[in-house]
Amino acid sequence: MNNTANAPRVPKRVAAVILNSLKGGVVPRIGLPYITVGREAEIRALLTDLSLIADGGASFRFLVGRYGAGKSFLLQTIRTHAMGENFVVADADLSPERRLQGGQGQGLATYRELIRNLSTKTRPEGGALTLILDRWVASTQSPASADPAGARAAEEEQLEMHLAPLEELVHGFDFTRMLRRYRTASLEGDDETKSLVIKWLRGEYRTKSEARAELSTTTIIGDDDWYDYVKLFAQFLTGAGYKGLLVLIDELVNLFKIPNAITRQYNYEKILTMYNDTLQGKAHHLGVIMGGTPQSIEDRRRGVFSYEALRSRLTQGHFAREGMRDMLAPIIHLHPLTYEELLVLIEKLQQIHAGYYGYSARLTEANLVDFLKIEFGRVGADTHLTPREVIRDFIELLDIAYQNPDADIAALLHDVGGTQAACGNGDSATSGPSTTTVALGSAPRNPTDFAEFTL
Ligand SMILES: Nc1ncnc2c1ncn2[C@@H]1O[C@H](COP(=O)(O)OP(=O)(O)OP(=O)(O)O)[C@@H](O)[C@H]1O
Ligand SMILES: [Mg+2]
């Protein structure tokens, strides 16, 4: 292979995660830089947003691409990057139970998920809220001094300076009151109050009376105002030593799937609020990226574009076209990985696989090209083959080749390619006459994933 010699060595633990995740059709949580291909322009654009956020601004983007185009991969890439740069990241996948707004607490459920998933460089797997608060409390304390009273006064002044701007925001008083209580409880070693405040900040109080009994407050974070608290968090975080907050919301298609038109509109209205806030300078140190399929955004009947105020703001102008994309526009279109990019990717995967199992790579460049030809040569591949299936098939091929060291690669390729193409159609539980459009030989997926094709 052409770049075998200088292929980076991937730690075994990371290689295992990469291979397992990809074989299972999901984006690995770690090790992305070892396999990333393409997306330079997109990554550059999102990194520009990060510096804007660090400077006190706000940004809002949609990542739009077909199933398997790489939206979640890019979100994960930028997530890792942001944490490394000292941002706090919160991510959530929407679902029928998690929306932006909903009569039964579906908006609040998204907020809770975001807060649960708060991640930082030192806590990349989520659950960083306590760590962040403790860091903040520590930063508000001055070192021991000969004049304790004077030091305390200085601390108070410092604290006021930090919290005053937050108080100007909607719900700022409630939020800062809770921060103060957390701080006092921390300094007094009162763990019980600390955990009650945490419960409040996580949006876990269901009723006002519960909050009144436990915390003597009558405000709780609710379905209609959770986003105000996201803004408060974003601004608060800089005081705790972070550059800002990046919120990642994936699977926007779940809003598209809401059956009730009014409920859908309420959800899109929420997006409009967030979008306007970022443009009008009402949010600070906050970035929002939402991932969705083209249909979930552009469909005029049920997608984001069914909400006229959003459609008129978001539609592409008349100048952008293929090969001349506008990376400053709020919508970033992800083209599926090209043939060439996939070739680079499977080369990398072969190196990782060989490194992990400790053998020397056997597939020649011609084999790799053959493999892609077989994949793309299948019925319907031009419209329905996604990188996910290609990658999964390839790792399967590597696994089989590894377990059968004497097998002839070319024959194996045709066997694997041939039988999968044949049985992929029949075996897949989701493929019936009306849904043969789904990707061939795909891993078990939730049938609702295919709403794009069946609705
Ligand atoms: N730039 C890339 N470099 C390497 N691998 C990638 C890249 N983009 C995507 N992949 C891989 O392709 C597969 C599909 O990507 P991903 O899951 O991000 O797609 P998606 O657009 O989120 O799909 P869905 O709409 O089904 O959620 C994954 O296995 C992912 O790891
Ligand atoms: Mg995805």
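**Notebook: a parallel sheet and its surroundings**

I looked first at strand β2 (residues 88–93) and found that it pairs with β3 in the parallel sense over six bridges. I took strands as DSSP runs of E with at least two residues and helices as runs of H or I with at least four, numbered from the N terminus; strands pair if DSSP finds at least two bridges between them.

*Basis.* I worked on a predicted model, in which local features need pLDDT of at least 70, side-chain atom pairs count only at pLDDT 80 or more, and totals for chains, interfaces and linings use all residues. Residues are numbered from 1 along each chain as its sequence is written, while chains are lettered from A and ligands numbered from 1 in the order in which they are written.

*Confidence.* I read pLDDT as the predictor's confidence in each residue, from 0 to 100. The protein chain has a mean pLDDT of 86, and 86% of its residues reach 70 or more. I noted that residues 1–5 stay under 50 and have five contacts in the model beyond four places in sequence. Residues 419–455 are also below 50, with 48 contacts beyond near neighbours in sequence. A contact here requires C-beta atoms, placed from the backbone, within 7 Å.

*Sheet.* I traced five strands in an open sheet, ordered β2-β3-β4-β1-β5 with parallel pairing. β2 and β5 (331–333) are the edge strands, each with a single partner, so one side of each has no neighbour in the sheet. Averaged over the sheet and ignoring direction, neighbouring strands are turned by 15° against each other.

I then followed the register through β3. A92 has I249 of β3 as its bridge partner, and I249 stands opposite M290 in β4. β3 pairs with strand β4 (residues 286–292) in the parallel sense over five bridges. At the other edge, three bridges join strand β1 (residues 58–64) to β5 in parallel, with V64 partnered by H333.

Why is strand β3 (residues 245–250) largely enclosed by the rest of the structure? Five of its six residues are buried. I counted a residue as buried with 20 or more other C-beta atoms within 10 Å of its own, exposed with 12 or fewer, and partly exposed in between, C-beta atoms being placed from the backbone.

*Before β3.* I examined G244, in the loop between α11 (226–239) and β3. G244 is buried, with 29 C-beta neighbours inside 10 Å. Its contacts beyond four places in sequence include I53, A54, F87 and H285. The C-alpha atoms of G244 and G57 are 9.4 Å apart, although 187 residues separate them along the chain.

*Helices.* Helix α3 (residues 40–54) lies across β1, β3, β4 and β5, at about 160° to β1. I used axes fitted to C-alpha atoms, for helices over the stretch in contact, with angles from 0 to 180 degrees between N-to-C directions.

Helix α7 (residues 148–167) packs on helix α8 (residues 172–188) at about 150°, the axes being 8 Å apart. That makes α7 roughly antiparallel to α8, a label for angles over 145 degrees (under 35 is roughly parallel, 65 to 115 roughly perpendicular, the rest oblique). L163, L166 and E167 of α7 meet G172, F173, F175, T176 and L179 of α8.

*Positive phi.* H171, in the loop between α7 and α8, has phi near 65° and is not a glycine. I found H171 partly exposed, with 17 other C-beta atoms within 10 Å. N86, also not a glycine, has phi of about 75° and sits in the loop between α4 (71–84) and β2. N86 is partly exposed, with 14 C-beta neighbours inside 10 Å.

Notes
Contact = placed C-beta atoms within 7 Å.
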